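User: I am new to this structure and would love a close look at one of its helices and what surrounds it. Could you walk me through that part and then show me how it fits into the rest?

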Amino acid sequence: MGKFQVLDHPLIQHKLTILRNKKTGTKAFREIANEIANLMAYEVTRDMPLEDITIETPVTKTTAKKLAGKKVAIVPILRAGIGMVDGILQLIPAAKVGHIGMYRDEETLVPHEYFVKLPADIDQRQVFVVDPMLATGGSAIMAIDALKKRGATNIKFVCLVSAPEGIKALREAHPDIDVYTAALDEGLNEDGYIVPGLGDAGDRLFGTR
């Protein structure tokens, strides 16, 4: 079974409170979403493998650590997932970025895939799927389905706010996936929005309605 972790670092929680506040405007929302993603990336990358190499400091030769193994791909679920990419890239600037486009039928709440563009070597990469919200879990499940269908095997899902319903659905559909969230909220309302949540992350990131 994959890992499930709520990242409750004080800085993350403080910044998440600002995101939740309906008075926070588009510019601040966009900046802070990336700041939280950056902070979360420290924990999400904690188990990345290391290897020993020999280097020479100004004083002497020494054995030191460097990252080993799989390279990284960041895959936002469009469109709101874009709001977390830059924050992670600041920490892992060599990562490649793929995109998976999903839209949700407003009546049935069922997600539909409309766009997939991934690095050619996605099967060789550690993949971070990012989306600010994990509500019903439908979009996350479908995005991970799309990745696995194209050969990806090492996948982590990273979100800012989640609902118990979404966590349950995602872990049942993909029990091998590690899931990281900054908050586990109360649940979903009748419209499928997370409560208390932060509203529609895409609209708040891009200033749309």
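Analyst: Let's begin with helix α5, residues 164–173, whose buried residues are Gly166, Ile167, Leu170 and Arg171. Here buried means under 20% relative accessible area, exposed means over 50%, and partly exposed is in between, using a 1.4 Å probe and protein chains only. Helices (H or I, at least four residues) and strands (E, at least two) are DSSP runs, numbered from the N terminus.

Before going further, a word on the source: this is a predicted model, in which local features need pLDDT of at least 70 and side-chain atom pairs count only at pLDDT 80 or more, while totals for chains, interfaces and linings use all residues. Residues are numbered from 1 along each chain as its sequence is written, and side-chain values use heavy atoms, with hydrogens and water left out.

Back to the helix. Seen down the axis of α5, the buried residues fall within an arc of 120°, so they line one face of the helix; the arc is that of the directions from the helix axis to the C-beta atoms. On the face turned away from that buried side sit the exposed residues Lys168 and Glu172. What lies over the buried residues of α5? The cover includes β1 (4–6), β9 (133–134), α4 (138–149), β10 and β11, where contact means heavy atoms within 4.5 Å.

Two of those covering strands deserve a visit of their own. Strand β10 spans residues 154–162, and valine 161 lies in it. Valine 161 is buried, with a relative accessible area of 0%. Leaving aside neighbours within four places in sequence, valine 161 is in contact with Leu16, Arg20, Pro132, Met133, Leu134, Thr181, Ala183, Asp185, Ile194, Gly197 and Leu198. One of these partners, glycine 197, is 36 residues away along the chain, and its C-alpha atom is separated from that of valine 161 by 6.6 Å.

Lysine 156 is also in strand β10, and it forms a link to aspartate 178 in strand β11, 22 residues apart. This link is a salt bridge, with the closest N and O atoms 3.0 Å apart; the term stands for a side-chain nitrogen of Lys or Arg within 4 Å of a carboxyl oxygen of Asp or Glu. Both aspartate 178 and lysine 156 are buried. Asp47 joins them, giving a network of salt bridges made of Asp47, Lys156 and Asp178.

Strand β11 also holds leucine 184. At 41% relative accessibility, leucine 184 counts as partly exposed. Together with Phe4 and Val6, Leu184 forms a nonpolar patch on the surface, with about 210 Å² of accessible area in total. Patches are made of residues with over 30% relative accessible area and no salt bridge, with like charges joined within 9 Å and nonpolar side chains (Val, Leu, Ile, Met, Phe, Trp, Tyr) within 5 Å. Accessible areas come from the Shrake-Rupley method with a 1.4 Å probe, and for residues only the protein chains shown count as cover.

Two of the contacts of valine 161, Arg20 and Asp185, are themselves a pair. Arginine 20 forms a salt bridge with aspartate 185, the closest N and O atoms being 2.8 Å apart. Arginine 20 is in helix α1 and aspartate 185 in the loop between β11 (178–184) and β12 (187–188), so this pair links distant parts of the chain, 165 residues apart. Arginine 20 is partly exposed at 24% relative accessibility, whereas aspartate 185 is buried at 8%.

Helix α1 takes part in another pairing as well: lysine 15 forms a salt bridge with glutamate 35, at 2.7 Å between the closest N and O atoms. Lysine 15 lies in helix α1 (residues 10–20) and glutamate 35 in helix α2 (residues 26–44), so the pair ties together parts that are 20 residues apart in sequence. Glutamate 35 is partly exposed, with a relative accessible area of 33%. The salt bridges number twelve by this rule.

Finally, let's step back to the whole chain. Its secondary structure comes to six helices and 13 strands. The radius of gyration is 18 Å, close to the 17 Å that the globule rule gives for 209 residues, so the chain is as compact as a globular protein of that length. This radius is taken over C-alpha atoms, and the globule rule is 2.2 Å times the number of residues to the power 0.38. Buried residues make up 46% of the 209 residues.
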